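Thank you all for making time this morning. I would like to walk you through one structure, starting from a single side chain and working outwards.

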Amino acid sequence: MAEPLKNLLHPGLVREMAEHVSRAAPDFDADRFTRLASDGMEALELMQRAERIKDALVQTLPADYAAAAAILRKALPHAEGPGLSGWALLPVNQFVAQQGLSHLDLSLALLKALTPHFTAEFGIRRFIHAEQDRALAEISGWTTDGDHHVRRLASEGTRPRLPWAMRLPALVRDPAPILPILVALLDDPEDYVRRSVANSLNDIAKDHPALVADFVERHIEGASAERRQLLRHASRTLLKKGDAKALANFGFAVARGIEATLALAAPAVVFGDKLSFSIVVTNADAAPQRLMIDYAIHHVKANGTLAPKVFKWKQLDLPAGASQAIARDHAIRAITTRRYYPGRHRIEILINGAVCAAADFDLRMA
């Protein structure tokens with residue numbers, strides 16, 4: 001069974017944090033920090049534990065923010081030895097976002113120094129929300145930084161709908177201010193950075209589909225394989241919804257005369273096993289067609305309703321009058337991002353974004 005996420009922050013990590021901060025500031029009250037941060041930790045979830053540790057930092061670091069920021073920066077890993085890194089820096093993100101809001105330049109510089117050791121995407125968002133123009137002016141300069149972690153932070157930290165983080169409502173309404181950042185990183189040499197750009201554009205597409213479809217159209221002509229892959233990933237929500245402009249950007253059209261027959265290997269699946277299914281796709285049109293075939297599983301929620309999740313499957317060039325059979329096994333097993341419930345589920349076959357076949361199946365818990 002997977003280790004609970006909350007255990008990423010634990011008393012042992014708190015003691016390590018105390019040691020690193022003490023090396024940066026010998027008068028730091030490590031015992032008090034450890035006691036405050038660890039008290040009642042076992043009963044808390046991940047983000048609650050981070051808040052508890054952040055509160056302990058507030059109570060034990062200097063009240064003067066500039067002094068506290070200098071200590072935290074000195075406590076980061078350096079050439080002489082290890083320092084604060086990994087999940088220990090999640091509460092540091094929270095400390096900076098809370099205590100440093102009136103010190104934008106100092107705080108952004110600290111978060112920039114922090115991000116090679118653990119992402120600062122959570123920490124910079126309060127600064128963008130509070131002073132968007134000023135913050136984005138500084139963050140835009142990070143797109144040419146020599147450290148790919150810093151370049152990624154410019155994209156990831158400005159995502160309008162970053163998971164696990166506060167939304168940026170002004171950028172949800174109008175994402176135009178971050179488009180120059182994304183353009184600057186379209187051809188970044190690191191896939192790690194390009195994936196972040198794609199995810200940011202996909203966020204934007206949920207609220208402004210035409211904007212993203214137009215963005216892709218402007219930047220796809222003559223694109224490298226890497227940029228084309230980025231733009232395809234950025235368009236995934238639009239493609240799954242059958243957005244005509246997004247489909248056209250990648251050479252697809254609304255499917256005409258396409259027939260699909262769906263067959264399930266069994267009418268029921270036991271949790272931990274797989275759903276096996278196959279389809280026969282026929283092009284009854286007079287012209288060949290390029291098809292993007294996906295499928296959606298409609299999962300039962302706790303309240304008995306269904307919620308769909310679309311999965312990528314296959315791209316197919318099908319001649320006029322031709323048929324092709326394809327099969328798939330879809331594992332239904334424990335994952336951290338979904339809880340499964342027994343009951344009647346549904347699978348739909350999507351061809352160029354349109355539902356072409358569907359069937360129900362029962363999920364039984366072992």
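Let me begin with glutamate 156, which is buried, with a relative accessible area of 5%. I should say at once that this is a predicted model, and that what I describe is computed from it. The carboxylate of glutamate 156 does not stand by itself, for its side chain meets that of arginine 152 in a salt bridge, with 3.5 Å from N to O. Arginine 152 is buried as well, at a relative accessible area of 14%. The two residues are four apart in helix 9, which covers residues 148-156, and so they are separated by about one helical turn. The pair also belongs to a wider arrangement, since Glu121, Arg152, Glu156, Arg159 and Asp203 are linked in a network of salt bridges. As a reminder of the general background, side chains of opposite charge can pair when their charged atoms come close. Over the whole model, the count comes to 22 salt bridges.

One member of that network, Asp203, takes us to helix 12, where it is among the buried residues. Helix 12 runs over residues 191-207, and its 17 residues reach 25 Å from the first C-alpha to the last, close to the 24 Å expected at 1.5 Å a residue. How much of helix 12 is covered? Mostly, the helix is covered, with 12 of its 17 residues buried, and these include Val193, Val197, Leu201 and Ile204, but also polar or charged residues such as Arg194, Asn199 and Asn202. What covers those buried residues includes helix 9, where we started, together with helix 11 (179-184), helix 13 (209-220), helix 14 (225-234) and helix 15 (236-240).

Helix 12 has a salt bridge of its own, in which the side chains of arginine 194 and aspartate 191 meet at 3.6 Å, N to O. These two residues lie three apart in the helix, about one turn. Their surroundings can be set side by side: arginine 194 counts as buried at 10% relative accessibility, whereas aspartate 191 is partly exposed, with 32%.

Let me turn to the nonpolar packing. In soluble globular proteins, nonpolar side chains tend to be buried together. Here the largest nonpolar core has 80 residues, and Phe33, Leu61 and Leu84 touch the most other members. Taking phenylalanine 33 as the example, and leaving aside its neighbours within four places in sequence, we find it in contact with Val14, Met17, Ala18, Phe28, Ile53, Ala56, Leu57 and Thr60. Apart from that core lies another, of 26 residues, including Ala260, Ile297, Leu318 and Ile349.

That brings me to the strands. Strand 4, residues 289-300, is mostly covered, with 11 of its 12 residues buried. Strand 4 pairs with strand 5 in the antiparallel sense over 12 bridges, and within this pairing histidine 298 stands opposite proline 308. Strand 4 also pairs with strand 7, residues 343-351, again antiparallel, over six bridges, and there tyrosine 295 has isoleucine 349 as its bridge partner.

The hairpin of strands 4 and 5 has five residues between the strands, and in it glycine 304 takes a positive phi near 90°. Lysine 301 sits in that loop and counts as partly exposed at 39% relative accessibility. Beyond its close sequence neighbours, within four places, lysine 301 is in contact with Leu306, Ala307 and Tyr341.

A charged pair also bridges these two strands, for the side chains of lysine 312 and aspartate 294 meet in a salt bridge at 3.1 Å, N to O. Lysine 312 lies in strand 5 and aspartate 294 in strand 4, so the pair ties together parts that are 18 residues apart in sequence. Aspartate 294 counts as buried at 2% relative accessibility, while lysine 312 counts as partly exposed at 35%.

Finally, there is an open sheet of three strands, in the order 1-3-6, with antiparallel pairing. Its edge strands are strand 1 (258-264) and strand 6 (323-331), each of which pairs on one side only, and the twist averages 20° from one strand to the next. Nine bridges join strand 3, residues 274-283, to strand 6, and leucine 275 stands opposite histidine 330 of strand 6.

Methods. Residues are numbered from 1 along each chain as its sequence is written. This is a predicted model: local features need pLDDT of at least 70, side-chain atom pairs count only at pLDDT 80 or more; totals for chains, interfaces and linings use all residues. Side-chain values use heavy atoms; hydrogens and water are left out. Two strands pair if DSSP finds at least two bridges between them. Axes are lines fitted to C-alpha atoms, for helices over the stretch in contact, and angles run from 0 to 180 degrees between N-to-C directions. A salt bridge is a side-chain nitrogen of Lys or Arg within 4 Å of a carboxyl oxygen of Asp or Glu. Buried means under 20% relative accessible area, exposed over 50%, partly exposed in between (1.4 Å probe, protein chains only). A nonpolar core is a set of buried Ala, Val, Leu, Ile, Met, Phe, Trp, Tyr and Cys residues joined through side-chain atoms within 4.5 Å. Contact means heavy atoms within 4.5 Å. The expected span of a helix is 1.5 Å times one less than its number of residues.
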